[in-house]
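This report concerns the salt bridges of a single protein chain. Please consult the sequence and the structure shown here alongside the text.

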Amino acid sequence: MNTNVYTYEGNEVTVTWDRERCIHAQACVDGLPSVFDPERRPWIEPDQATPDAVEAVVPQCPTGALHLTRND
């Protein structure tokens with residue numbers, strides 16, 4: 001198991017983040033700052049936007065460090 005992968009579970013979606021793959025391009029922060037805020041802990045809060053909005057931003061990560069799973 002990769003200990004550099006972190007899971008952030010929301011009510012409708014779960015986002016995982018692979019710290020090792022992340023190059024801090026900030027596509028997630030720029031795309032949805034209400035969900036992705038590196039100054040906050042936890043820095044990913046999936047419930048701060050609609051599931052569709054989160055699902056639209058996650059694939060913009062250039063390294064694939066972010067993944068999304070719908071909880072339904």
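The sections below describe the salt bridges, their settings in the chain and one further residue.

## Model and overall count

The structure is a predicted model. Within this predicted model, 3 salt bridges are present.

## The pair Arg 40 and Glu 45

One of the salt bridges joins the side chains of Arg 40 and Glu 45, with an N to O distance of 3.5 Å. This distance satisfies the criterion, because a salt bridge requires a side-chain nitrogen of Lys or Arg within 4 Å of a carboxyl oxygen of Asp or Glu.

The two partners fall into separate accessibility classes. Arg 40 has a relative accessible area of 19% and is therefore buried, given that the buried class lies under 20%. Glu 45, with a relative accessible area of 22%, is partly exposed.

## The network around Arg 70

A network of salt bridges links Asp 52, Glu 55 and Arg 70. In one contact of this network, the side chains of Asp 52 and Arg 70 meet with an N to O distance of 2.4 Å. This pair connects distant parts of the chain: Asp 52 belongs to helix H2 (residues 51–57) and Arg 70 to strand S3 (residues 66–70), 18 residues apart.

Arg 70 also forms a salt bridge with Glu 55, where the closest N and O atoms are 2.6 Å apart. Because Glu 55 lies in helix H2 and Arg 70 in strand S3, this pair ties together parts that are 15 residues apart in sequence.

## Accessibility within the network

Which accessibility class does Asp 52 fall into? Its relative accessibility is 54%, so Asp 52 counts as exposed, the exposed class being over 50%.

Arg 70 is partly exposed, its relative accessible area being 27%. Glu 55 likewise counts as partly exposed, at 36% relative accessibility.

## Thr 3 and its separation from Thr 14

Thr 3 is located in the segment before strand S1 (5–9). With a relative accessible area of 63%, Thr 3 is exposed.

How far apart are the C-alpha atoms of Thr 3 and Thr 14? These C-alpha atoms are separated by 17 Å, while the two residues are 11 residues apart along the chain.

Definitions and conventions
Residues numbered from 1 in each chain as written. Predicted model: local features only at pLDDT ≥ 70, side-chain atom pairs only at ≥ 80, totals over all residues. Heavy atoms only, no water. Buried < 20%, exposed > 50% of the residue type's maximum accessible area, 1.4 Å probe, protein only. Helix = DSSP H or I, 4+ residues; strand = E, 2+ residues; numbered from the N terminus.
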